[in-house]
Amino acid sequence: MTMKLFETISVGLVLLAAAPLWSQDEQRPVPAPAATGPINSDVSTNEDADRMQTPPPVSGQAYPISFTSGERSNYLRGGLAFTSAYTDNAVGPVNGHPMSDVSYSVAPTVALDETTSRLHFTLTYAPGFTFYQRESSLNEADQNASIDLQYRLSPHVTFSARDGFQKSSSVFNQPDLASAVTVSGGTQEGNFSVIAPIADRLSNTGNVGISYQFAANSMVGAGGTFTNLHFPNQAEVPGLYDSSSQGGLAFYSVRISKINYFGATYQYQRLASYPGPGTNETQTHALLLFYTLSPTKRFSISVFGGPQYSDIGPQFSDTVSSPPAPAFRSWNPSAGGSVGWQGRRSSLAASYAHLISSGGGLIGAVKMDSVTASIHQQLSRTLSASVAGGYAKNDVLTATPLISNNGHSVSGTASLQEQVGQHLNLQLGYTRLHQDYGTVAVLAVTPDTNREFVSISYQFSRPLGR
């Protein structure tokens, strides 16, 4: 099973790398939520004004978190960050109580961002090295890589693709601690709400999409998504399991006025979790209606809703001697909404979704209610603040309660960033994580984690082609 998972991850990265050019990952949003808007915002034509946007429920993109005053393209960027953090649950339970520790991290980053009239491409690579003051056995090397592409094949056809890969033994070790929470208005997002704070894990997510504006106010499109979550050492995460998902969608969207979009989409998902005795598989079909109000390129509100049909196969527990729970089928409502706004000194994004999703480490697919939000504010010329967080309630789909590990997760991060000169940045922050999954052993003993961090980074950028 492990080899199969690594093959899936490798094939996903190779397929995306074979495309012309790229950008971004699951953790970091793309510069604009409109997949078919003008790629080069400096070029404005009547044709651009007539081009439809792909609504957030079907675009597969995350809302931007940067300020418009800070957006720049056609740059090579690099940096080096040093972070020190105190965590009260760094080691996990020792004699029934969480063990604290202080960690020190070094994280170089390099990113290539290029924009033309037809192309927007970003490539990011950010390895990291973390050392613990007391528990040296937890020392780790992280890998974060992402690629993202938007390419206009013709005046009315746009192709987009994204892939992100992360290898880490701590969910808190992100390249940008203030931007670890992303907000999407999509209806096929991976479920990463169940968090084992200290455990080796590999995660890979990606999606592709194409849209075609065949009339002045009509558009069709299609897309696909996948996610993989793998725990190399199962002994570190008792009660959690590897999982994967694949999905596809087709949509029709009509622009009923300059700022109002209405449409419908059909979506399919295959959701799988891998407890020892077998594979817990769920397949879903959904027919959803969606509406988007987009007064400007920087502001949109979207809602979606419709029926979702689930075909749940036999559900295995992690005990070989226990018979699997019987297969069954069900109908559930699927609904949600999102808002995104990007100003010169502020940005805001928030979303809510009620749908069937992958378990994200739980023993099977779940009925999920999730809320995420992110706010960024420029307080002065050099000082900015951000607050981001999320809540997720996961109810495992099963015909019997014998293998159920329902629960919820609440997380949040607040930070301040001070720009010191042209290249130095100082960041202070606090993260809080609470999880309540009573039958998940790795989370039941120490459900709470508090983390305070300070980071100083050196950053540079060089213009391309100038």
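**Entry 1. Terms and model**

I take a residue as buried under 20% relative accessible area, exposed over 50%, and partly exposed in between. By that cut-off K393, at 32% relative accessibility, counts as partly exposed. I note that the model I am reading is predicted.

**Entry 2. Salt bridges**

I looked up the charged side chains and found six salt bridges in the structure. I recall that side chains of opposite charge can pair when their charged atoms come close.

K393 meets D395 in one of them, with an N to O distance of 2.7 Å. D395 is partly exposed, since its relative accessibility is 23%.

I then turned to R77 and D113, whose side chains form a salt bridge at 3.7 Å, N to O. R77 belongs to strand β1 and D113 to strand β4 (residues 101-115), so this pair ties together parts that are 36 residues apart in sequence. I checked the cover of each partner: R77 is partly exposed at 25% relative accessibility, whereas D113 is buried at 10%.

The side chains of R162 and D148 also meet in a salt bridge, at 3.7 Å from N to O. Because R162 lies in strand β8 (residues 157-170) and D148 in strand β7 (residues 140-154), the pair links parts that are 14 residues apart in sequence. R162 has a relative accessible area of 7% and is therefore buried. D148 is buried as well, with a relative accessibility of 0%.

**Entry 3. Aromatic rings**

I searched for ring contacts and recorded three aromatic pairs. For Y309 and W331 the ring centres are 5.0 Å apart and the planes stand at 55°, so I enter this pair as tilted. Y309 is in strand β14 (residues 299-312) and W331 in strand β15 (residues 328-342), so the contact ties together parts that are 22 residues apart in sequence. W331 is exposed, its relative accessible area being 62%. Elsewhere I found one aromatic cluster, formed by Y212, F214 and Y252.

**Entry 4. Strand β20 and its neighbours**

I next asked which strands pair with β20. Strand β19 (residues 407-420) pairs with β20 in the antiparallel sense over 13 bridges, and β20 is joined to β21 by 11 bridges, again antiparallel. Across the β19 pairing, Q417 stands opposite Q427 of β20. Across the β21 pairing, Y430 stands opposite E452.

The hairpin of β19 and β20 has three residues between the strands, and there I noted G421 with a positive phi near 75°.

I followed the side chains along β20 and found that they alternate. N425, Q427, G429, T431, L433 and Q435 point to one face and are buried. L424, L426, L428, Y430, R432, H434 and D436 point to the other face and are not buried. This agrees with the rule that in a regular strand the side chains alternate between the two faces of the sheet.

**Entry 5. Nonpolar patch**

I looked for a nonpolar patch on the surface and found one of about 720 Å². Its residues are L80, F82, V420, L424, L426, L428, V454, I456 and Y458. The elements that give two or more residues to the patch are β1 (75-87), β20 (424-436) and β21 (448-463).

I examined L428 as one of the patch residues. L428 is placed in strand β20, and its relative accessibility of 44% means that L428 counts as partly exposed. L428 points to the face of β20 whose side chains are not buried, as do L424 and L426, which are also in the patch.

How values were computed. Residues numbered from 1 in each chain as written. Predicted model: local features only at pLDDT ≥ 70, side-chain atom pairs only at ≥ 80, totals over all residues. Heavy atoms only, no water. Phe/Tyr/Trp six-rings, centres within 6.5 Å; stacked < 30°, edge-to-face > 60°. Helix = DSSP H or I, 4+ residues; strand = E, 2+ residues; numbered from the N terminus. Buried < 20%, exposed > 50% of the residue type's maximum accessible area, 1.4 Å probe, protein only. Patch = residues over 30% accessible without salt bridge, like charges linked within 9 Å, V, L, I, M, F, W, Y side chains within 5 Å. Areas by Shrake-Rupley, 256 points an atom, 1.4 Å probe, with all protein chains shown as cover. Salt bridge = Lys/Arg side-chain N within 4 Å of Asp/Glu carboxyl O. Pairing = 2+ DSSP bridges.
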